[in-house]
Amino acid sequence: MHAEHPPVNKYAIHYVFRMTGLRPQAVAIDRVLDEADHSEDPLHLMKVFDLSVSTAVKYVQAAHPERCVIDPIQA
């Protein structure tokens, strides 16, 4: 929302999603995953998207699996 513009009608947004065939949940997940790919910081994801600690860490692990390799000796 922008202070100088009226709010967007929710039906207009639903219409756009129906016309494109996208699901809002899939778009939201893709946006968080893209941000995790760029930032690599769970705290950033928690602040921007209001995620829990475990969810933010899972997104970072999904975006950067090479950084989250479990050492078999430590497991």
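Start by selecting His64, which sits in the segment after α4 (53-63). You are looking at a predicted model, so please read each stop on this tour in that light. Is His64 buried or exposed? With a relative accessible area of 5%, His64 is buried, since the cut-off for buried is under 20%.

Keep His64 on screen and show what surrounds it. Which residues does His64 touch, once its neighbours within four places in sequence are set aside? They are Ala36, Asp37 and Glu40. Zoom in on Ala36 next: its backbone oxygen lies 3.1 Å from a polar atom of the His64 side chain.

Now move to helix α2, which covers residues 24-39. Select Pro24, which is found in this helix. Pro24 has 47% relative accessibility and therefore counts as partly exposed. If you would like to try the distance tool, pick the C-alpha atoms of Pro24 and Lys10: they are 12 Å apart in space, while the two residues are 14 apart in sequence.

From Lys10, step back to Asn9. What does Asn9 do at the N-terminal end of helix α1? Asn9 caps that end of α1 (residues 10-20), with a side-chain oxygen 2.7 Å from the backbone nitrogen of Tyr11. Then travel along to the other side of the helix and select Gly21, which follows α1. The phi of Gly21 is positive, near 80°.

While you have helices in view, here is a handy point for choosing residues. An α-helix has 3.6 residues a turn, so residues three or four places apart point the same way.

Time to zoom out and colour by secondary structure. How many helices and strands are there in the protein chain? You will find four helices and zero strands, and along the sequence the pattern reads α-α-α-α. The protein chain is more spread out than a compact globule, because its radius of gyration is 17 Å, well over the 11 Å that the globule rule gives for 75 residues. Turn the C-alpha trace along its principal axes and you can follow spans of about 55 × 30 × 20 Å.

Switch on the surface for the next stop. The accessible surface of the protein chain comes to about 6,400 Å², with 60% of it belonging to carbon and sulfur atoms. Buried residues account for 12% of the 75 residues, and His64, where you began, is buried.

Last, colour by charge. The protein chain carries 7 positive and 10 negative side chains, and the centres of these two sets are 11 Å apart.

How values were computed: Residues numbered from 1 in each chain as written. Predicted model: local features only at pLDDT ≥ 70, side-chain atom pairs only at ≥ 80, totals over all residues. Heavy atoms only, no water. Helix = DSSP H or I, 4+ residues; strand = E, 2+ residues; numbered from the N terminus. Rg over C-alpha atoms; globule rule 2.2 N^0.38 Å. Buried < 20%, exposed > 50% of the residue type's maximum accessible area, 1.4 Å probe, protein only. Areas by Shrake-Rupley, 256 points an atom, 1.4 Å probe, with all protein chains shown as cover. Lys, Arg positive; Asp, Glu negative; His and termini not counted. Charge placed at Lys NZ, Arg CZ, Asp CG, Glu CD. Polar contact = N/O pair within 3.5 Å; in protein donor to acceptor, adjacent residues only side chain to side chain. Contact = heavy atoms within 4.5 Å.
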